[in-house]
Amino acid sequence: MLRDNRCALLADPVGSGKTWVALAVAQMWQSREPPVVFAPAAIHAQWKVTAARLNIEIEIWSHERLSRGRIPESLSAPVRRNPSLVILDESHHFRNRATRRYQTLAPALNGRSILMLSATPVVNTLADLGAQLHLGARDDALTRFGIPSLTRHLAEVEIASTALGVLVVVGQEVRNARPARRDHRERIVDHEEETGECCREIERLAFSHAPTIANLVRSVVWRSLASSPLAFLGTLKRYHALLTQAGDARRAGRRVTRMALRRFVGEDMQQLVMWELMDHDHDETDLVLEDLSLLEALLDRARIMAQRTDAKASRLDHILSDRLPTIVFVGARETVRYLRNHLPQALAWSTGDASGIGPTRLPREIVLSWFRPDAPPGGPQVLVTTDVSAEGLDLQKAGRIVHYDLPWTTVRLDQRDGRAIRMGSSHASVEVIRFDMHPNIESRLAQLGVLARKRRLPHRAGMTGQSARPWLWRAKIAAKFGVDEVSSYTAGDAAAGWCQVHAPFDGALAGFDIHSVGEDGISKPLASVLGCILENGTWTENPDTVEQWLEFAAESSLSDGKVAHDMDGVLLQLADVVRRRLESARQQQWLRGTLGVSTARLIGSLNQMATRAARARDMLELSRIERAMAFLARGHTAGEEQMLGTLAGVSERELLDGMEHFPICEAAAMLSPRLTGLILFTRGI
């Protein structure tokens with residue numbers, strides 16, 4: 001995949017060894033430079049340890065540095081021959097094109113190959129997957145499969161095309177490689193009248209004149225109430241400070257900035273979709289200062305609540321009494337402190353800014369080492385942590401995961417579970433306990449419904465369980481019928497065969513390949529197609545239908561009678577299918593009407609330059625312009641689009657200099673279809 005498309009996404013499940021696979025690919029990559037690994041800062045140490053064990057040199061860079069607009073020096077230099085491989089770990093953090101980290105990384109990848117790793121690439125919509133793939137794959141990468149635009153396809157469809165299998169790897173998990181999971185749910189109803197009254201008081205707060213901002217702030221307050229009394233108190237205190245700041249701003253004739261709101265939302269920011277959808281130019285961002293009196297009364301109630309141990313914490317204490325090594329995930333830093341204060345045993349703990357054991361602060365790496373598979377006996381048995389420890393870490397000593405607070409996304413749930421449910425665990429099974437929200441809060445936030453909807457997203461993308469089957473069906477069929485999955489695709493292949501079988505229906509099962517034939521006469525495979533012509537004459541490539549018809553054909557007797565009278569009709573129908581597929585594969589981007597504004601402007605400028613060069617008979621200049629036009633005529637990666645956007649506003653001299661950095665595109669090759677097999681199903685013969 002990397003050789004053909006310069007892009008691949010490894011989407012195997014959490015804890016199945018994606019780091020090892022990526023380093024194995026890097027070891028085979030023919031480059032004099034070490035691979036560049038982009039990963040969250042929290043898992044840098046783990047990458048370095050694994051690379052050292054395999055004796056592989058790597059250069060590692062954090063997502064956080066990209067967010068500050070910094071890239072490695074090795075990627076800022078012009079691309080040389082056989083450049084280093086780029087590995088992007090936890091690539092779902094690059095699902096939003098508008099973020100600074102995305103805008104920083106995209107142009108640095110021009111001309112390079114990128115291997116992305118994420119067990120959870122689809123977070124909120126299928127467009128998340130499109131944004132990640134667009135970092136390395138050109139937008140027309142799936143044209144040969146009848147998909148003119150990769151990003152548009154994933155932004156518009158309900159179910160992702162199986163053609164994505166040329167860019168995405170979802171392997172079949174090795175049986176028993178990871179521990180089994182035992183799920184259990186806890187539903188705590190504590191101080192129901194008091195919780196209901198708090199919810200009603202929160203509803204009486206107006207928060208903001210902008211409904212979107214009001215809903216955002218109100219949801220943060222509700223979630224803190226669901227987490228712990230101390231988290232609720234902390235959120236109310238921060239909001240009180242924000243209101244005070246808003247009053248000062250109003251007296252100065254200003255409004256509260258989005259940055260101030262962002263700081264208030266805090267740790268929820270990464271998971272709340274509402275912020276990404278909020279209009280940046282909205283002018284109704286004023287907070288309602290009249291909330292202050294109601295807020296102060298609510299603060300008094302929260303202070304009393306924070307002094308006692310609630311039923312949720314008491315239930316957790318009972319669960320932890322068996323001393324099974326456990327990781328407890330919470331949604332707020334104050335909840336970490338609340339559990340440290342109200343649970344009797346000494347806990348290991350970790351947040352985004354500190355970590356320790358009991359009252360003693362220790363470096364985060366030392367704290368986490370007690371929960372790694374090679375941890376010595378003894379030490380703390382419980383780690384209470386925010387989601388700072390939810391990604392990429394090997395914490396297989398844990399035999400239990402507790403979701404004390406629910407996140408907004410199933411991606412985060414899966415990432416948390418994967419700290420213990422991963423290869424290398426010493427446990428045959430891992431217990432997963434989920435604390436549901438208090439019903440008074442759940443009825444308002446509807447968070448369980450959000451999680452249920454998002455749980456279906458990976459299935460729509462073909463990334464989990466049975467939904468991955470369409471991407472693996474060729475391997476399954478090959479194994480079932482005892483043939484090779486991959487054809488030789490060499491010139492002079494044996495002629496395609498055909499047969500006719502008895503069936504209770506009429507139709508045909510056909511396979512054909514599309515090859516590109518270059519000027520050197522070498523044929524390369526572009527696509528392999530297998531589908532059915534149904535009784536009503538329609539064509540389908542549905543994997544279930546194809547597999548059923550293949551099985552039926554294998555179990556049916558061959559017909560020794562005359563060829564079906566509609567053989568010519570079947571071939572004409574098949575020819576029409578092949579013709580449509582060839583037309584799709586031949587289409588250029590400007591003929592599809594998907595040309596971007598920057599590209600259209602550049603093509604206009606180059607046309608004017610070409611006219612002048614032709615009049616001057618400057619063949620060298622014409623040749624350069626022709627190469628540039630060939631590049632502009634195709635789809636582009638996100639980084640190439642950025643480059644073209646920059647060049648669209650420069651002078652002709654600067655454009656000529658910029659054209660030197662355009663990749664060299666091959667001339668359009670001749671496309672050739674080849675019939676690989678045909679089975680006629682005929683009734684009554």
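Two strands count as paired when DSSP finds at least two bridges between them. Keep that in mind as you open this model, which is a predicted one.

**Stop 1: the sheet**

Begin with the six strands that form an open sheet. Walking across, you meet them in the order S3-S2-S4-S5-S1-S6, and the pairing is parallel. The two edges are strand S3 (59–62) and strand S6 (168–169), each of which pairs on one side only. In general, strands of a sheet pair through backbone hydrogen bonds, either parallel or antiparallel.

**Stop 2: the S3 edge and its helix**

Now select strand S2, residues 36–39, together with S3. These two strands pair in the parallel sense over four bridges. To see one of the partnerships, pick Val36 and look across to S3, where its bridge partner is Glu59.

Add helix H3, residues 44–53, to the selection. H3 packs on the sheet and touches S2, S3, strand S4 (86–89) and strand S5 (114–117). If you compare directions, that of H3 makes about 170° with that of S3.

**Stop 3: strand S1**

Next, move along to strand S1, residues 7–10. In a regular strand the side chains alternate between the two faces of the sheet. Which residues of S1 lie on each side? Cys7 and Leu9 are on one side, while Ala8 and Leu10 are on the other. All four are buried, and both faces of S1 are covered.

S1 also has a partner on either hand. Four bridges join S1 to S5, and the two strands run parallel; select Cys7 and you will find Ile114 as its bridge partner in S5. Two bridges join S1 to S6, again running parallel. Here, Leu10 stands opposite Val169 in S6.

**Stop 4: helices H9 and H10**

Leave the sheet and select residues 192–204, helix H9, and residues 211–227, helix H10. Two packed helices are described by the angle between their axes and the distance between the axes. For H9 and H10, the axes come within 10 Å and cross at roughly 165°. An angle over 145 degrees counts as roughly antiparallel, so H9 and H10 are roughly antiparallel to each other. Their crossing is right-handed.

Show the side chains where the helices meet. From H9 come Thr195, Cys198, Cys199, Ile202 and Glu203, and facing them from H10 are Arg218, Val221, Trp222 and Leu225. Sorted by character, the residues of this H9 and H10 contact are six nonpolar, one polar and two charged.

**Stop 5: helices H11 and H16**

For another helix pair, select helix H11 (residues 229–251) and helix H16 (residues 333–342). How do their axes lie? They come within 7 Å and cross at roughly 140°, and H11 and H16 are therefore oblique to each other. H11 passes H16 in a right-handed crossing.

On the H11 side, the contact is made by Pro229, Leu230, Ala231, Gly234 and Arg238. H16 contributes Glu334, Thr335, Arg337 and Tyr338. The contact of H11 with H16 divides into four nonpolar, two polar and three charged residues.

**Stop 6: Thr540**

Finish by selecting Thr540, which lies in strand S18 (residues 539–540). Is Thr540 buried or exposed? Its relative accessibility is 17%, so Thr540 counts as buried.

Show its surroundings, leaving aside neighbours within four places in sequence, and Thr540 is in contact with Gly531, Cys532, Leu534 and Thr545. One last pair to try is Thr540 with Leu509: 31 residues apart in sequence, and 9.7 Å apart in space from C-alpha to C-alpha.

Key. Residues are numbered from 1 along each chain as its sequence is written. This is a predicted model: local features need pLDDT of at least 70, side-chain atom pairs count only at pLDDT 80 or more; totals for chains, interfaces and linings use all residues. Side-chain values use heavy atoms; hydrogens and water are left out. Axes are lines fitted to C-alpha atoms, for helices over the stretch in contact, and angles run from 0 to 180 degrees between N-to-C directions. Angles under 35 degrees count as roughly parallel, over 145 as roughly antiparallel, 65 to 115 as roughly perpendicular and the rest as oblique. A crossing is left-handed if the near helix is turned anticlockwise from the far one by less than a right angle, and right-handed if clockwise. Contact means heavy atoms within 4.5 Å. Ala, Val, Leu, Ile, Met, Phe, Trp, Tyr, Cys and Pro count as nonpolar, Asp, Glu, Lys and Arg as charged, and the others, Gly among them, as polar. Buried means under 20% relative accessible area, exposed over 50%, partly exposed in between (1.4 Å probe, protein chains only).
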